[in-house]
Amino acid sequence: MKTEKELGQFRALDFDEEDILFSSLVRYHFEREAMEDLEKLNAGEFEEQPTQASRKRVEKYYRREHRLRILRHGYHLLQKVSVFLVVLIAGFTYLTISVDAVNRVVVNWLTEVYQTHTHLSIELDDSKVDLSNVKINWMPEGIAVQRLDSSITFTSFTLYYNNQSIGSIICQNHDTNMSLNTEDAKCTYLSLSGFDKVLLIEHEKAISILATKSDIIITIIVTRSESYNFSVGEVITILENIEY
């Protein structure tokens, strides 16, 4: 325990503001001094003039401590927010890398564009889906569907209107190479829920749509004629209602 002589020597030291604010040792002794003055003040041991000086010293000290507590609280809060942001950014980075990797590995489109056509190679991951169970759940009114071939890996349908063939649907679950007629055509990549990629090819007299998921490749080709003029919306609706 400090003697009165030691405390007196300590009180005589000339500390500046920086020492008091940032030195833990000085702050400790300054607190002791303030508490001693407060006890004497409450006991009535100070005369009027020293009492006012002591009161100001105590109030000054507590104001400082209040500011320091606010700063420490803000610093700890900032630390927590920083950790949260780091975790959040890391999570988004992981998701971005993972999704991008899935798109590259599961469904890989290799496209070569020429003046008259586009050669497309599509690589799927190992698909175990049984395409013999494919169902076409929606068709425009008056359009009939007939299944031609059906197997575990390949299924095809023909579309009829007034007993005339006006289109086809092909479903595959293996890697494939195909040549698409893109001469004088409008080609658009669509973003449809549930599909990795969708390519829409619009000719004056035909509409083609090629779509892929992780386990299936779907190709729809329909003609536009005076007897029945397919719309793009109808072809997309057919695609979205294919079940397997």
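1. S156 lies in strand β5. The model is predicted, and this residue is a convenient way into it. S156 counts as buried, because its relative accessibility is 7% and the cut-off for buried is under 20%. Leaving aside neighbours within four places in sequence, S156 is in contact with Q146, R147, L148 and D149, and also with I169 and I170. Of these partners, Q146 to D149 fall within β4, which spans 143-150.

2. Now the partner of β5 in the hairpin. Strand β5 covers residues 154-161 and strand β6 covers residues 164-172. The two pair in the antiparallel sense, over eight bridges. F154 stands opposite Q172 in β6. Further along, L159 stands opposite G167 in β6. Two residues separate the strands of this hairpin. In the turn, N162 has a positive phi of about 55 degrees.

3. The loop on the other side of β5 deserves a look. I152 sits in the loop between β4 and β5. Is I152 buried or exposed? I152 counts as exposed, because its relative accessibility is 52% and exposed means over 50%. I152 still has contacts beyond four places in sequence: V129, D130, L131, S132 and N173. I152 and V129 are 23 residues apart in sequence, with their C-alpha atoms 7.4 Å apart in space.

4. Next, the sheet as a whole. Seven strands form an open sheet, in the order β4-β5-β6-β11-β10-β9-β8, with antiparallel pairing. Why do β4 and β8 each have one side without a neighbour in the sheet? Both stand at the edges, β4 at 143-150 and β8 at 186-190, and each has a single partner strand, so one side of each is left open in this sense. On average, neighbouring strands of this sheet are turned by 15 degrees against each other, direction ignored.

5. Helix α5, residues 232-240, packs on this sheet. Which strands does α5 touch? The helix touches β6, β8, β9 (197-202), β10 (206-212) and β11 (217-223). Its direction makes about 30 degrees with that of β10.

6. The β6 to β11 pairing links the hairpin to the rest of the sheet order. Six bridges join β6 to β11, and the two run antiparallel. I170 stands opposite T219 in β11. I170 is also one of the contacts of S156.

7. The core comes next. The largest nonpolar core has 29 residues. I169, I218, I220, F230 and L239 have the most contacts inside it. At least two residues of this core come from each of β5, β6, β9, β10, β11 and α5. The largest share, four residues, comes from α5.

8. I218 shows how such a residue is surrounded. Not counting residues up to four places away in sequence, I218 touches I169, I170 and C171, then F195, then I209, L210 and A211, and finally L239 and I242. Apart from the largest core lies another core, of 10 residues, with W109, M178, L210 and I217 among them. I217 and I218 are consecutive in sequence, yet I217 is listed in this other core, whereas I218 is listed in the largest one. As background, side chains in a regular strand alternate between the two faces of the sheet.

9. L199 lies in strand β9. L199 is buried, with a relative accessible area of 7%. Its contacts, leaving aside neighbours within four places in sequence, are W109, L180, C187, T188, Y189, S208, I209 and L210. Among them, W109 and L210 belong to the core of 10 residues. The C-alpha atoms of L199 and Y189 are separated by 4.6 Å, with the two positions 10 residues apart along the chain counted as separation.

10. Check the cysteines. The structure holds zero disulfides. C171 is buried, with a relative accessible area of 0%. C187 is partly exposed, at 40%. C171 is among the contacts of I218, and C187 is among those of L199.

11. Chain totals, for reference. The chain has five helices and 12 strands. Of its 244 residues, 32% count as buried. The accessible surface comes to about 16,200 Å², and 53% of that belongs to carbon and sulfur atoms. Among contacts in the chain with a separation of 6 or more, 46% join residues 24 or more positions apart.

Technical notes:
Residues are numbered from 1 along each chain as its sequence is written. This is a predicted model: local features need pLDDT of at least 70, side-chain atom pairs count only at pLDDT 80 or more; totals for chains, interfaces and linings use all residues. Side-chain values use heavy atoms; hydrogens and water are left out. Two strands pair if DSSP finds at least two bridges between them. Axes are lines fitted to C-alpha atoms, for helices over the stretch in contact, and angles run from 0 to 180 degrees between N-to-C directions. Contact means heavy atoms within 4.5 Å. Buried means under 20% relative accessible area, exposed over 50%, partly exposed in between (1.4 Å probe, protein chains only). Accessible areas come from the Shrake-Rupley method with a 1.4 Å probe; for residues, only the protein chains shown count as cover. A nonpolar core is a set of buried Ala, Val, Leu, Ile, Met, Phe, Trp, Tyr and Cys residues joined through side-chain atoms within 4.5 Å. A disulfide is a pair of cysteine sulfur atoms within 2.5 Å.
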